[in-house]
Amino acid sequence: MDNNLKETVRVKADNINFFYGSKKALNGINMDIYANKVTALIGPSGCGKSTFLRLINRMNDLVTSSRVEGQLLLDNKNIFDKDVDVVELRRKVGMVFQKPNPFPKSIYENMAYGLEIKGVKDKKFTDEKVFESLKKAALWDEIKDRLNDSALRLSGGQQQRLCIARCLVVEPEVILFDEPCASLDPISTRKIEELIIELKQFYTIIIVTHNMQQAARVSDYTAFMYLGDLIEFGPTEKLFTVPKDKRTEEYLTGKFG
Amino acid sequence: MKISEKIYKNTFMVVAFSSLVFLTGIVLVLFIEGLPAFSVTGVLSFIFGKSWYPTSTPPEFGIMPLISASFVVSVGAMLFAIPIGIGSALYIHEIAGEKQKMFLKPIIELLGAIPSIIFGFFGMVIVAPLVQKLFNLSTGQCAFTGALILGVMAIPVVCSIAEDALSVVPRSFREASFALGANRWQTLWKVIIPAAGSGISTAIVLGISRVMGETMTVLLVTGGAAQIPNSIFSPVRPMTSTIAAEMGEAAVGGTHFHALFAIGLVLFVITLILNMIAEYIGRKYRLKLGLDV
Ligand SMILES: Nc1ncnc2c1ncn2[C@@H]1O[C@H](COP(=O)(O)OP(=O)(O)O)[C@@H](O)[C@H]1O
Ligand SMILES: [Mg+2]
């Protein structure tokens, strides 16, 4: 939105190429991601949405023989620079995965994990952060009486909200969601979507989804990707109603993918 | 159709229940042949008696020397096998590249395929003299050598089961941990090892069982003296090797004969208790983690 001056760029992708071995998965991606907005990444399966998302917290570092070119700026600092502390980066950029992945520990231990590995010993501080994050993730009322139960005994939707709450504990600025509702029922999906909309006042959110209605419901901006290219990027409403590119239109009308 | 189905069903039932038959048979024989020894000496003085002189006149049947020998040798063996076995599993799982893994795993498994008699004579001919020289002992055939050899024998069991346990920990736990800012070691210690905990404890228990039940090796390398060991370098005579060594010379139906069965019975009870404890701990642990409800 050209006339909206309030928007600040939090993450900026500058001509990013990404390779798995010799296979190129991203072709010169340029994208601005705005602070306190929800940006949705859509596109057919295998087009590179997760690959792009996992660059932002450098999860792709775990893939051996992968390679990246270009710059990814977080608050104007290139996160691929040698002097970037990946641990710091991952605290700043939280991630929620496709399948809920709570640890086989108690609900409380799951929540406290991020602080534990940071070396926080102050029990009162940890308690405060844990309770506050559970409340933010709209999970507190459901589980406040069983913080010591195993997290694996929660329902799928509750587990996913716990994973969201768990990443809030370390006070991220950006949260990445990789198809967070892919394994959930409609009611749980609804709750997560409401939560995402709720959270954007505090965080910058990027969500990968293959569900176009979901993108329309939760996002302010949408990026349509296809075969490793960023085809179109814009305010969600515009992209959905008057797509500029023919491929975007075809995808939105269900012609492929 | 109906009849053939019945035949199938019953055949498989017989097969499935045959283990039960064997188990009951063995336990029954242990009791029938073992209990008479207790009626001669009394249970307590059999178990806690400090002298095992089955062929003197009058004979003495106290198996504390044998129990303590088994205990010292087993604990010693596990002190070798647990750190090395689990350490190797962690290395193979966490640090070794594909190439190293492809070569290390089969090697460790091959170590487990070596018959125990070979470990026994290797221990007797090579290791015992070495231990004797190194520690300046009167004989190298002692508890320490036994523990060393048995420990090596238990490594493959501990390692391969622990490695299996580590490798079934879902990738998603690792990713969640990294995404929260954990490094590799924090992820390993705080997430992966606890998640594999019940499998790792199974690895340890199976290692102990292998060590406790081992006969040929201890017979050859521990020296055979039926005394309560006063150091790890004392020659000792564990329960299994006592049975193996003396069964041939004991008169069938005599007290000595029954006493050897009674040793078997005690060994059986000890292993049973160990297994039950392991089962109990494993179940509590898995329940607490919510891994199976
Ligand atoms: N670890 C990997 N190693 C090799 N190729 C991969 C890996 N992960 C993804 N790819 C490939 O990269 C492309 C983009 O994948 P991905 O980013 O997961 O797509 P999306 O999330 O849009 O479905 C696909 O062709 C996929 O097969
Ligand atoms: Mg994906």
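**Entry 1: a word I needed**

A cavity is a set of grid points where a 1.4 Å probe fits but cannot get out, and a residue lines it if an atom lies within 4 Å of a point. I kept in mind that this is a predicted model.

**Entry 2: the second largest cavity**

With that settled, I looked up which residues line the second largest cavity. From chain A I noted Met95(A), Phe97(A), Asn101(A), Cys163(A), Arg166(A) and Cys167(A). Chain B adds Ala176(B), Ala179(B) and Leu180(B) to this lining. The space inside comes to about 40 Å³.

Next I asked which helices supply at least two residues each to this lining. They are H6 (156-168) of chain A and H7 (171-179) of chain B. H6(A) has the largest share, with three residues. Sorted by class, I found seven nonpolar residues, one polar and one charged.

**Entry 3: the largest cavity**

How many cavities of 30 Å³ or more does the structure hold? I read off three. The largest has a volume of about 60 Å³.

I went through the lining of this largest cavity and wrote down chain B residues, among them Ser70(B), Val73(B), Leu150(B), Met212(B), Glu214(B) and Thr240(B). Three helices of chain B, H3 (64-95), H9 (197-213) and H11 (239-246), each bring at least two residues to it. H3(B) gives the most, namely three. The class count here is seven nonpolar, three polar and one charged.

**Entry 4: where the chains meet**

Then I turned to the interface. I found 23 residues of chain A in contact with 23 residues of chain B. The size of an interface is often given as the accessible area lost when the parts come together, so I looked that up too. Between chain A and chain B, about 2,000 Å² is buried, and carbon and sulfur atoms give 62% of this area. Which three residues of chain A supply more of the area it buries against chain B than any other three? They are Pro104(A), Ile117(A) and Arg153(A), with 27%.

I also checked for charged pairs. The rule finds two salt bridges across this interface. In one salt bridge, the side chains of Glu116(A) and Lys190(B) meet at 3.0 Å, N to O. For polar contacts between the chains, I noted six residue pairs.

On the side of chain A that touches chain B, the elements giving two or more residues are H2 (86-92), E6 (93-96), H3 (107-116) and H6 of chain A. H2(A) has the largest share there, with three residues. That side divides into 13 nonpolar, three polar and seven charged residues.

**Entry 5: two pockets**

My last stop was the pockets. The largest has a volume of about 720 Å³. Of its 23 lining residues, I marked those nearest the centre: Leu62(A), His93(B), Glu94(B), Arg171(B) and Arg174(B). Which element gives the most to this lining? I found that H7(B) does, with four residues. The lining has nine nonpolar, five polar and nine charged residues.

The second largest pocket holds about 280 Å³ of space. It is lined by 20 residues, and Ser45(A), Gly46(A), Cys47(A), Gly48(A) and Lys49(A) lie nearest its centre. Strand E2 (23-34) and helix H1 (49-56) of chain A each supply at least two of the lining residues. I closed the notebook on its classes: seven nonpolar, nine polar and four charged.

How values were computed
Residues numbered from 1 in each chain as written. Chains lettered and ligands numbered in written order. Predicted model: local features only at pLDDT ≥ 70, side-chain atom pairs only at ≥ 80, totals over all residues. Heavy atoms only, no water. 1 Å grid on protein atoms, 1.4 Å probe; cavity = no way out; pocket = protein on both sides within 12 Å on 5 of 7 lines; lining within 4 Å. Points joined across faces, edges and corners; volume = space filled by probe spheres on them. Nonpolar A, V, L, I, M, F, W, Y, C, P; charged D, E, K, R; others polar. Contact = heavy atoms within 4.5 Å. Buried area = accessible area lost by both parts, 1.4 Å probe. Salt bridge = Lys/Arg side-chain N within 4 Å of Asp/Glu carboxyl O. Polar contact = N/O pair within 3.5 Å; in protein donor to acceptor, adjacent residues only side chain to side chain.
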